[in-house]
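Student: Could you take one part of this model and go through it closely with me? I'd like a single connected walk through the side chains, please.

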Amino acid sequence: MAGIFWHDVDGNQELQIWLMDRHRWVRVETVVDENGQPVRVGPPGWHVVGVGDFGGSGSADILWHDLDGTKELQIWFMDGHRRVDVKTVVDVNDQPVKVGPPGWHVVGVGDFGGSGSADILWHDLDGNKELQIWHMNGHKWVGFATVLDANDDPVRVGPPGWHVVGVGHFGGSGDDILWHDIDGTKELQIWLMDRHRWVGVENVVNDQDQPVSVGPPGWHVKGVRGTMHHLPAPCVQTGIIHTDYRLNFKIPPGLMPDRQFDSVHASLRVHRVSPTYANSDCKPARAIVLVHGRTLGGSTSFDLQHTTAATGPLSLQEALANAGIDTFAPDLLGYALSTRLSLDDPKNASRPECTSTGDPTIDQCDRSRNKFIFPLDQQKRLQPNPLGTSYANHSSATYFGTTALWARDIRQVVNDALTKTGLPTVSLLGYSFGGPRVGRTLQQLGITAADRIDRLIFMASLFDTLPPSSEYPTGHVDYPTDEADLKPFETSTSFPLVLNTVGWDNPSADRIPPGADKALAKQAQLLDAVGAKWGGSATTPAGFVRSPTFTVSGWNKDVAAAITIPTLVLHGTEDRSVLPANAPHLYDALTTEQKVLIELDCASHFLHYETAPTWEGPHKAVADAIIEWVRSATFTGKTTGQFTIDCDGNVNPP
């Protein structure tokens, strides 16, 4: 597959390969080293001066020249976008070759000798204008030849006037030389070569056999590619595929509040929706890991299997996969089809609230740090099925998890996604209470986060605002960076299990696609076979969706300010589960140069599944915004700014 090689010489020195299907860019791959880490090398010092197959492997290798230092040359031997070896160019005595300006410049790479290994074309731009071909065997210079004319005299041509602008197979016995009269007529000439000997000259002509004269100011020749008529099968996407798999691990000692689970074996279920291609060599150019919130698992949160006649499928994962983005939505520990631990025991649901002097360990009562999201007296909902008619003592008498626990899960899924896709980086999305879990992950990764994660999205994410309560009278909360710094009441929850019934966030009725609320509840229930049997009677269970209790830490203005990754913040202005004020507060706390805030009017907490009477609705706007952000870190072509999408789908400012 043909490609375009890029070097960020004025920025972070990264290298990228754009893989092309004819004129269409189909995938971007960052050049990585032997350990899979992005390579950052560039001027002053080393410059890329050519690309060619020096090793005979079929891959394009990279030729570097230390123009500003020792004048040495290096070849990076590549396997696709991955560097597999580095060799200094040496002479016949295995000594490093040191040649360079002023005087000789590398002006091209090609196979002039027919050996199957790339050779190096030099031009004495600052001297007598001669050209030389260095014949190579891998990284070893095995001989050189001066370029001669038909009379075996050295050719001496060069600026001002004619410049070598490319090497490629135009019709000679091997590779030929393309010249451009940049300083004169702007004509182009091809020197047909037989090894080092010039055997003919042809002017580049148009379809009327008239010489073509094009050049600066304006257009510049930047490369030559041979055998364009031998393109491989194109990367045509044929559809998408849904797969589920499991990641096994052992719970690190001390990571869960209940130490009885130290070193217990557990597993995460990951729900993947991927693009498929007619050409099996093709793969997605981008990937994203999506982190769910406090109640529902990954596939219910992001891959709702419901279609309406007016709007089509509602699944966010499917929308991203149809746009060529590989998607990974894990069930974090304690959720959906991942290991549940203490949540499998109905005795771990909450009992009545303790009095001010009550003791949960002896009085069959409980405490909750937030009675709205972690309700008390839920064992009553399990009487008589399956608890009988009395309250029971817990088998685990503390909250289930912490943001640090789930940050471990997220890191494992990110690393697995990198392995499965072969990409150097992925995007990361945190939804609802998944936002703090993503924030904690970034806090743990620190400055290395950008080595694995290239884009961030916070969707309906909690940051620093809760409904006012006795604990937080103004609703403002500043979560500490470390779990150990939580206030005592934040760690007071004395039970791990919450019983939920799934409902929508009560937006305007015309925002819920017909039947979507029932489809959401049914899909969540199907992923909780144990909870589905609880409540009501044994013959007619009410059915619940189980979720864990937890604390929040590692997500605050200091953590947000340390983020350097391009970040998109999305929130519905009618969100009643996570208040809309969280979004602008998070946007203001971010200091990264690339950040965008989008506030969607007439959208609630399930903004990515909602529709509208006059247009496709928030679900389409959200999917389009995420797709553009994952691809290019822009929204409507802009890298930063605050935007609203009104109830009719208009973006302001446009």
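**Salt bridges, a helix and a cavity**

Tutor: Let's start with the charged pairs: searching the whole structure turns up 25 salt bridges. Keep in mind that this is a predicted model. One of those pairs is Arg369 with Glu490, whose side chains come together at 3.3 Å, N to O. Arg369 sits in the loop between strand E21 (325-331) and helix H3 (403-421), while Glu490 belongs to the loop between strand E23 (453-459) and strand E24 (497-500), so this salt bridge ties together parts that are 121 residues apart in sequence. Both Arg369 and Glu490 are buried.

Two other pairs are worth a look. Asp377 and Lys380 form a salt bridge with their closest N and O atoms 3.4 Å apart, and Asp377 is partly exposed, at 22% relative accessible area; the cut-off for buried is under 20%. Then there's Arg511 with Asp510, where the closest N and O atoms are 3.6 Å apart. Here Arg511 counts as buried at 6% relative accessibility, whereas Asp510 is partly exposed at 41%. Beyond single pairs, Arg340, Asp344, Asp528 and Arg546 are joined into one network by salt bridges that share partners.

Now for the helix, H5, which covers residues 516-526. Its buried residues are Ala516, Ala519, Leu520, Gln523 and Ala524. Looking down the axis of H5, you find these buried residues within an arc of 130 degrees, so they line one face of the helix. The general background is handy here: an α-helix has 3.6 residues a turn, so residues three or four places apart point the same way. On the other side of H5, Lys518, Lys522 and Leu526 are exposed. What do the buried residues of H5 pack against? They pack against helix H1 (298-302) and strand E25 (545-548).

That brings us to the empty space. The structure has two cavities of 30 Å³ or more, and the largest cavity comes to about 70 Å³. Ala524, one of the buried residues of H5, is also in the lining of that cavity. So is Thr300, along with Thr295, Leu296, Gly297, Tyr335, Ala336, Leu527 and Val545. The lining also includes Arg340, Asp528 and Arg546, and those three names should ring a bell from the salt-bridge network. By type, the lining of the largest cavity splits into six nonpolar, three polar and three charged residues.

Note on methods: Residues numbered from 1 in each chain as written. Predicted model: local features only at pLDDT ≥ 70, side-chain atom pairs only at ≥ 80, totals over all residues. Heavy atoms only, no water. Buried < 20%, exposed > 50% of the residue type's maximum accessible area, 1.4 Å probe, protein only. Helix = DSSP H or I, 4+ residues; strand = E, 2+ residues; numbered from the N terminus. Arc of directions from axis to C-beta. Contact = heavy atoms within 4.5 Å. 1 Å grid on protein atoms, 1.4 Å probe; cavity = no way out; pocket = protein on both sides within 12 Å on 5 of 7 lines; lining within 4 Å. Points joined across faces, edges and corners; volume = space filled by probe spheres on them. Nonpolar A, V, L, I, M, F, W, Y, C, P; charged D, E, K, R; others polar. Salt bridge = Lys/Arg side-chain N within 4 Å of Asp/Glu carboxyl O.
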